[in-house]
Amino acid sequence: WTKTRKKVRAATEQMAKELIELYARRKRAHGHAFPPDDTWQGDFEQRFAYDETPDQLSSAAEIKHDMEQPWPMDRLLCGDVGYGKTEVSLRAAFKALMDSKQVAILAPTTILAQQHYNTVLKRFKGFPVKVDVLSRFRTAKETKDVLRRVKEGEIDILVGTHRILGKDVQFKNLGLLIVDEEQRFGVQHKEIIKNMKHQVDVLTLSATPIPRTLHMSMVGIRDMSVLET
C-alpha cells in the first residue's frame, strides 16, 4: 500500500509539473495580438436580439482583453445551459474575423455541431462571413470541397465535430478555436487541442467543467470567466 501510494504521488507530481510547464510555456509563447474593437464589432453586438446580462458583458470584455495580448489565450467560460455562452463566444469569433483570421468551432456531437452551425448562420446574417460545417452528415464530395475551401481561406468559420481535428484539415490562417464541452472529447483529441493552445487563441465553453480544469482555473494556471446571471 505504501509503495502504491508513493508511485501515485510521484506520477501526480510529474503530471502537475508537466501541466505547469505547459501553461508557463504558453505564457512565454508569442501569439497573435488582436487589435481593439472597431465600429463593425459594435454593430455586430448591437444586433443581439436580447439584453446582455452583466456577466455576459464582463466575460466578453475579459475574453477580448485576452485576445489583445501578445500570447495565446486559453480561457474557460463557465455557465449553465441557457446562460448565454454561445453569444459571448460569437463576439470573440467576430473579433478574430475582423483581423482576417479564421475561426474553428468544435462540438462533441454531430447534433450539437449542427445546432452551432444554424446559430452562427443566423447571428452572422447580413455580414460578409462564410460559414460551413464538417461532420458525418456531409458526403465525401462535400467534405472534400470544404477541406479545399478551408485551406484556401474561403471559409471564415468552420463548425464541426472532432472531424475538424483531422490531419487533412488545414486552415489557411486560424486565429481562434472555440471548444464546446472539452471534457466530452477523448484523450487523443484533447492532446491535439492541447498542442493547438501553443499556436492559437483557445476559448473553452463548459456547463460542467471537470474538477481538474476547474481547479486549474481556481489556482490561476488557467483563466476563467463565469456566467451566473
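This report walks through the cores, a few helices and the paired strands of one model. The model is a predicted one, so read everything below with that in mind.

**The cores**

Let's start inside. The largest nonpolar core holds 30 residues, and the ones with the most contacts within it are Val103, Phe124, Ile157 and Leu176. Helices and strands both feed it: α3 (54-67), α4 (85-97), β2 (102-106), α5 (110-123), β3 (131-134), β4 (157-160), β5 (174-180) and β6 (201-206) each give two or more residues. The top contributor is α4, with 7 residues. In soluble globular proteins, nonpolar side chains tend to be buried together.

Ile157 is a good place to zoom in. Neighbours within four places in sequence aside, Ile157 is in contact with Leu97, Val103, Ile105, Val120, Phe124, Val129, Lys130, Val131 and Asp132. Apart from the largest core lies another one of 19 residues, including Leu134, Ile155, Leu177 and Val200.

**Helices α4 and α2**

Back to α4, which has 13 residues and spans 19 Å from first C-alpha to last, close to the 18 Å expected at 1.5 Å a residue. Because 12 of those 13 residues are buried, α4 is largely enclosed by the rest of the structure. The buried set isn't just nonpolar names: among them are Lys85, Glu87, Arg91 and Lys95, along with Val88, Leu90, Phe94 and Leu97.

Helix α2 (residues 39-46) has two sides to look at. Gln41, Phe44 and Glu45 are buried. They cover an arc of only 95° around the axis, so they sit on the same side of α2. Flip to the other side and you find Thr39 and Gln46 exposed. The cover over the buried residues includes α3, α4 and α5. At the N-terminal end, Asp38 acts as the cap of α2, with a side-chain oxygen 3.3 Å from the backbone nitrogen of Trp40.

**Strands and their partners**

Here are three of the strand pairings.

| Strands | Sense | Bridges | Residues standing opposite |
|---|---|---|---|
| β1 (74-79) and β7 | parallel | 5 bridges | Leu76 and Met224 |
| β2 and β5 | parallel | 5 bridges | Leu106 and Val179 |
| β5 and β6 | parallel | 5 bridges | Leu176 and Asp201 |

Strand β5 pairs with β2 and also with β6. It's mostly covered, too: 7 of the 7 residues of β5 are buried.

Strand β7 (residues 223-227) tells another story. Its covered face carries Asp223, Ser225 and Leu227, while Met224 and Val226 are on the uncovered one. In a regular strand the side chains alternate between the two faces of the sheet. Met224, on that uncovered face, is the residue that Leu76 stands opposite.

**Two residues worth a click**

Gln102 belongs to strand β2. With a relative accessible area of 5%, Gln102 falls under the 20% limit and therefore counts as buried. A polar atom of the Gln102 side chain lies 2.7 Å from the backbone nitrogen of Asn173. Setting aside neighbours within four places in sequence, the contacts of Gln102 include Val150, Ile155, Phe171, Asn173, Leu174 and Leu176.

Ser100 is found in the loop between α4 and β2. Though not a glycine, Ser100 has a positive phi of about 60°. Is Ser100 buried or exposed? At 59% relative accessibility, it counts as exposed.

Definitions and conventions: Residues numbered from 1 in each chain as written. Predicted model: local features only at pLDDT ≥ 70, side-chain atom pairs only at ≥ 80, totals over all residues. Heavy atoms only, no water. Core = buried A, V, L, I, M, F, W, Y, C linked by side-chain atoms within 4.5 Å. Buried < 20%, exposed > 50% of the residue type's maximum accessible area, 1.4 Å probe, protein only. Helix = DSSP H or I, 4+ residues; strand = E, 2+ residues; numbered from the N terminus. Contact = heavy atoms within 4.5 Å. Arc of directions from axis to C-beta. Polar contact = N/O pair within 3.5 Å; in protein donor to acceptor, adjacent residues only side chain to side chain. Expected span 1.5 Å × (residues − 1). Pairing = 2+ DSSP bridges.
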